[in-house]
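I opened a new structure today and kept notes. Here is what I looked up, entry by entry.

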Amino acid sequence: FNELRHTCIQLLGLICAQRALFSPEISSMYPRFVSVIANPDYLKAMEHRHLSQYIKQFVEYIHLCCPSTLYQSHVAPIATQFFKHMEYRLKCSWSPILNAGTSSDSTKPLTTDQCNAAADLALRGGEEWYISYYSRAGAYVGELEAVLGEAVVEKNRVELSRSYSDMLQTSLALKGDWNLVLANIAREEQALKKNDSNILETRPASKIKNSSGPVNANGSKRSKFYKAIEARKLVRIKKLSHFLFLENETIAGYLVLSIAECLGYPDAYTCRRCIAIAHKILENVAWVDRYTQLLGQQMFSNAIRVTVAEQKWMVGIEWDMINLIRDMYCRLVLGQYLQAGGQGSGMQQNSDGTRFEQSKSVDKPLQGGGILCVPSDLPRQVFASLSGINPEMVIEMERKLRENRSAKDQKEIIRDLLHTAAECIKESEINNEQAGVLGRANESESTLNIRSSKDVVPSLPEQLVTHSMVMKQNQKVEEADAASYGAHLFQS
């Protein structure tokens, strides 16, 4: 039955890839199709493992394959229900882990002995049943060993989160075929800037050169009509981002809210990808007033919270999170916009004292996007609410961020402020060594404490000393010793 379900989902993806779903001949049947495939009750009843396949095999394909002129009629009815449900399901799946710190009874899989109690709860229905169902990832393991059963639940929970973030990355051209188009455009701009056409024929070092002519950024050969193909894909990249974030408030609201919440779920793979998605969101909608509460309060506070908590699962991605905090603060408060992905120096816009001048790239997210013209106080309030942080320290941080606009300097300035807050929180915490991945990382692991740790690599000497120089010096010493020894013999 499991394989039969997956086969049906794969067929849905196939009719999307072949564009049959968007043909005029079946347009009259499409509302009936949506009433089944995006039925809220059916989505709620699906297990995590089945919904992961639904995301990979259908939702991703309908985003990539649907003509841009049909987004409102064909994508919107499905995406509205899907994103609303995903935000709810992910929150219910991860809440027991975040609240308990480790696996609790509610996250344990359903066994044979518990079937009767689960059946009674399901019969009553309502929120209580779905919260219980999603907490254990909808998994039934029968008589399987307890350890293996918990591993099944954890695998399904993590797989769902990762499938969701991967699908959004592909839809927003952060990976996959559409991302290759952007990489090719960047190579063409580089070749034009350097006036060197050989760049377009250069393959990665890992690729074997078996033909001449233009190649893609990944080393594969470009097709004969690549310019027309990539131009059409570029239009769809822009159209889909605009549709997801600016054309339907229900889709945009639940999508952005789910990403803001995913920043705090203890899975480094999901978090790293959601950080990249969050940058894309800022590039598209940071300048829109109705997003200020969602970005400046919920997303910003989640990013700050997980950074100052210094949890072990965050080790290795702290700088990425700090850069996201920088991107939000620059766009929402300081009137600075960055390059795509939160890269480059902060580009300051002029101000008349009350509002900033909008950037010229406001309608071009791929070139950096826009800023919030009227600065928001919400990120300032989040910073000022941290332990050990007062408004004067926030004002001083802003002064430094305006004076030092390079990416490295700004991240260091924000890191120093977060380090102060983390130290104050750490002093008030009760030592908890059994918290697992949610426990606080030690000083040698945490990026916020990097300056207080000892240097792992010793500093290089100011004067360069090579092996040949050492050999010559040793030879001179030996010659001097031999000369002194000979002189000593003649004297004696």
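Leaving aside its neighbours within four places in sequence, which residues is Phe58 in contact with? I note at the outset that this is a predicted model. I looked up Phe58 and found contacts with Leu12, Gly13, Cys16 and Leu21. Phe33, Ile37, Gln53 and Ile78 complete the list.

**Cores.** I then looked at where Phe58 sits. Phe58 belongs to the largest nonpolar core, which has 104 residues. Tyr54, Phe58 and Phe383 have the most contacts inside that core. Helix 5, residues 71–100, gives this core its largest share, 11 residues. I also found a second, separate core of 9 residues. Cys92, Leu110, Leu121 and Trp129 are among its members. I noted the general tendency: in soluble globular proteins, nonpolar side chains tend to be buried together.

**Cysteines.** How many disulfides does the count come to? I got 0. I checked Cys66. The closest cysteine sulfur to that of Cys66 is in Cys16, 8.3 Å away, which is too far for a bond; the cut-off is 2.5 Å. Cys66 counts as buried because its relative accessibility is 0%. Cys92 is buried too, with a relative accessible area of 9%.

**Hairpin.** Last, I turned to a pair of strands. Strand 3 (residues 336–339) and strand 4 (residues 343–348) run antiparallel, joined by 3 bridges. I picked out Tyr337 and found its bridge partner in strand 4, Met347. The two strands form a hairpin, with 3 residues between them. In the turn, Gly341 has a positive phi of about 80°.

Definitions and conventions. Residues are numbered from 1 along each chain as its sequence is written. This is a predicted model: local features need pLDDT of at least 70, side-chain atom pairs count only at pLDDT 80 or more; totals for chains, interfaces and linings use all residues. Side-chain values use heavy atoms; hydrogens and water are left out. A nonpolar core is a set of buried Ala, Val, Leu, Ile, Met, Phe, Trp, Tyr and Cys residues joined through side-chain atoms within 4.5 Å. Buried means under 20% relative accessible area, exposed over 50%, partly exposed in between (1.4 Å probe, protein chains only). Helices (H or I, at least four residues) and strands (E, at least two) are DSSP runs, numbered from the N terminus. Contact means heavy atoms within 4.5 Å. Two strands pair if DSSP finds at least two bridges between them.
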